[in-house]
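Colleague: Before the assignments are accepted, I should like to hear the reasoning behind each of them. Please take them one at a time.

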Amino acid sequence: MYQQLTLVGRLGREPEMRYMPDGTAVTNFSLATERKWRSGETGELTTETTWFRVQVTGGQAEACHQYLQRGSKVLVAGRLTPDPASGGPRLYQRSDGTMGANYEVRADQVRFLNDKPQEEEA
């Protein structure tokens, strides 16, 4: 059996890198994907954002930490990592009391999609 997930989105915050005891680099970042559509009844534009927590290891982890930043557009190919307790996404309670879910992805491949580096504002 085989599972592969392909996502295209933007980083929600700066990537965070650490090293495992064996020296393997691990980088984590949040990825936002969006789906937009017009409501059939009112014609109002609706946007749905889904967040993923992405983990990258090895040389790709170092490259992601070095070259990606908040807002960078990437393609991630990998697999979902379920919560060991529930077998689904990790559930949490937001500060406003509503429930949310974290979908965790182990990336096999990360491709940078920005055409050119974003220029810093003066």
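**Grounds for the assignments**

Modeller: Q55 lies in strand 4. The model is a predicted one.

Colleague: Why is Q55 called buried?

Modeller: The relative accessible area of Q55 is 19%. Buried means under 20%, and therefore Q55 qualifies as buried.

Colleague: Which residues are in contact with Q55, once its neighbours within four places in sequence are left aside?

Modeller: They are R18, V26, T27, N28, V105, R106 and A107. Contact requires heavy atoms within 4.5 Å.

Colleague: What makes strand 1 and strand 5 a pair?

Modeller: Pairing requires at least two bridges between the strands. Strand 1 (residues 5-11) and strand 5 (residues 73-81) are joined by six bridges, so the requirement of at least two is met. The two strands run antiparallel, and V74 in strand 5 is the bridge partner of G9.

Colleague: How do you know that strand 1 is also paired with strand 3?

Modeller: Two bridges join these antiparallel strands. Since at least two are needed, the pairing stands. L31 in strand 3 is the bridge partner of L11.

Colleague: Which residues of the largest nonpolar core touch the most other members?

Modeller: The core has 16 residues, and those touching the most other members are F29, L31, V54, V56, V74, V76 and V110. Two or more residues come from each of strand 1, strand 3, strand 4, helix 1 (59-67), strand 5 and strand 7 (99-112).

Colleague: What does V74 touch, not counting residues up to four places away in sequence?

Modeller: V74 touches L7, V8, G9, L11, F29, L31, L68, V110, R111, F112 and L113. Among these, G9 is also the bridge partner of V74, while F29, L31 and V110 are listed with V74 among the core residues that touch the most other members.

Colleague: How many cavities of 30 Å³ or more does a search of the whole structure find?

Modeller: The search finds one. The largest cavity has a volume of about 30 Å³, and its lining consists of R13, N28, F29, S30, R53 and V54. Strand 3 (25-38) and strand 4 (45-57) are the elements that each give two or more residues to this lining. Strand 3 supplies the largest share, three residues.

Colleague: What is the division of that lining into nonpolar, polar and charged residues?

Modeller: There are two nonpolar, two polar and two charged residues. Val and Phe count as nonpolar and Arg as charged; F29 and V54 in the lining are also listed in the nonpolar core.

Definitions and conventions: Residues are numbered from 1 along each chain as its sequence is written. This is a predicted model: local features need pLDDT of at least 70, side-chain atom pairs count only at pLDDT 80 or more; totals for chains, interfaces and linings use all residues. Side-chain values use heavy atoms; hydrogens and water are left out. On a 1 Å grid over the protein atoms alone, a cavity is a set of points where a 1.4 Å probe fits but cannot get out, and a pocket is an open set with protein on both sides within 12 Å along at least five of seven lines; lining residues have an atom within 4 Å of a point. Grid points are joined across faces, edges and corners, and a volume is the space filled by probe spheres set on the points. Helices (H or I, at least four residues) and strands (E, at least two) are DSSP runs, numbered from the N terminus. Buried means under 20% relative accessible area, exposed over 50%, partly exposed in between (1.4 Å probe, protein chains only). A nonpolar core is a set of buried Ala, Val, Leu, Ile, Met, Phe, Trp, Tyr and Cys residues joined through side-chain atoms within 4.5 Å.
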